[in-house]
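Trainee: Could we go through the charged pairs in this one together? I'd like the cut-offs spelled out as we go.

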Amino acid sequence: MSVDQLTSIRDRFLPMARYVQQEYQYRVPAGYPIVHDDANRGVTGLELDPSHSIYLTSDGDAMFAELTFRSSRYDARSSAGREKFGGRNVVDRRPLPADVTDQALRNMLAELMSRWNSQQTIIHITDT
């Protein structure tokens, strides 16, 4: 059931992902961005580089949005009581409702682009 729902979400998500792919074509490492489109196997998504991606996935029963990003190397909120490793990949897996709106899909893509743009060492190839 959720693979069919993922296919309907894919039809709305892919045009947005392809637009981001065109916009980031010269900002990311060679060979990226990559749009993954295999809704029959339960996955569709966009990968800006190996550490920044968004995938809409299905395990057959439920749907998820998996946002992967690199954590900031500089974090003013870390403290002696809480260990935080900067530069480490974070996978944020969120449940995706069957009736997800276009705005929610755009917001997830915008979050991915924001995390890419705010990297400390990437300023020379992004818009400021």
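Mentor: Sure, definition to start: a salt bridge is a side-chain nitrogen of Lys or Arg within 4 Å of a carboxyl oxygen of Asp or Glu. This is a predicted model, where local features need pLDDT of at least 70, side-chain atom pairs count only at pLDDT 80 or more, and totals for chains, interfaces and linings use all residues. Residues are numbered from 1 along each chain as its sequence is written, and side-chain values use heavy atoms, with hydrogens and water left out.

Trainee: How many salt bridges does a search of the whole structure find?

Mentor: Side chains of opposite charge can pair when their charged atoms come close. Searching the whole structure for such pairs, the count of salt bridges is eight.

Trainee: Take D38 and R41: what is the N to O distance in their salt bridge?

Mentor: D38 is partly exposed at 29% relative accessible area (buried is under 20%, exposed over 50%, partly exposed in between; 1.4 Å probe, protein chains only). R41 is exposed, at 71%. Their side chains meet with an N to O distance of 4.0 Å.

Trainee: And which helix does R94 reach through its salt bridge with E111?

Mentor: The closest N and O atoms of R94 and E111 are 2.9 Å apart. R94 sits in strand β5 (residues 89-95), so the pair ties together parts 17 residues apart in sequence. Helices (H or I, at least four residues) and strands (E, at least two) are DSSP runs, numbered from the N terminus. E111's helix, residues 102-117, is α2.

Trainee: Which residues are linked with R94 in a network of salt bridges?

Mentor: D92 bridges to R94, with the closest N and O atoms 2.8 Å apart. R94 also pairs with E111. The residues networked with R94 are D92, E111 and R115.
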